[in-house]
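Me: I've got this one open on my screen and I'd like a close look at a single part of it. Could you walk me through the salt bridges and the strands around them?

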Amino acid sequence: MEIEVRLFAYFRDNRGKRLAFSIDENTTPKDILEKLKIDPKDVAILLINGIDGKLDSKLKENDRLSLFPPVGGG
């Protein structure tokens, strides 16, 4: 099965904007974060197909996982 991972802001550094991942039926966003070496604490927004997702949700064929870090400013 394949999914698309979209990265935003500094998560793109040395990784790119969009990544394709081959997954098995038990893969979760937490597994993807481990592969990308992103600490789950650094993820402010996690979307699966544009809807708020959870670290332990099981991903399915053709899912789109979007990961956003906290945004600073002011």
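Reply: Sure, and keep in mind that this is a predicted model. Let's start with Arg6, which stands opposite Ser66 in strand 5. That pairing belongs to a bigger arrangement: strand 1 (residues 2–7) and strand 5 (residues 64–68) run parallel and are joined by four bridges. Strand 5 also pairs with strand 3, again through four bridges, but here the two run antiparallel. One contact there is Ile45, whose bridge partner in strand 5 is Phe68.

Now for the charges. Searching the whole structure turns up two salt bridges. In one, the side chains of Glu4 and Arg6 meet, with an N to O distance of 3.5 Å. In the other, Glu4 pairs with Arg18, and the closest N and O atoms are 3.4 Å apart. Glu4 sits in strand 1 and Arg18 in strand 2 (residues 18–22), so this pair ties together parts that are 14 residues apart in sequence. Put together, Glu4, Arg6 and Arg18 are linked in a network of salt bridges.

How open are these three residues? Glu4 counts as partly exposed because its relative accessibility is 25%, which falls between the 20% and 50% cut-offs. Arg6 has a relative accessible area of 23%, so it is partly exposed too. Arg18 is over the 50% mark at 55%, and therefore exposed.

Note on methods. Residues numbered from 1 in each chain as written. Predicted model: local features only at pLDDT ≥ 70, side-chain atom pairs only at ≥ 80, totals over all residues. Heavy atoms only, no water. Pairing = 2+ DSSP bridges. Salt bridge = Lys/Arg side-chain N within 4 Å of Asp/Glu carboxyl O. Buried < 20%, exposed > 50% of the residue type's maximum accessible area, 1.4 Å probe, protein only.
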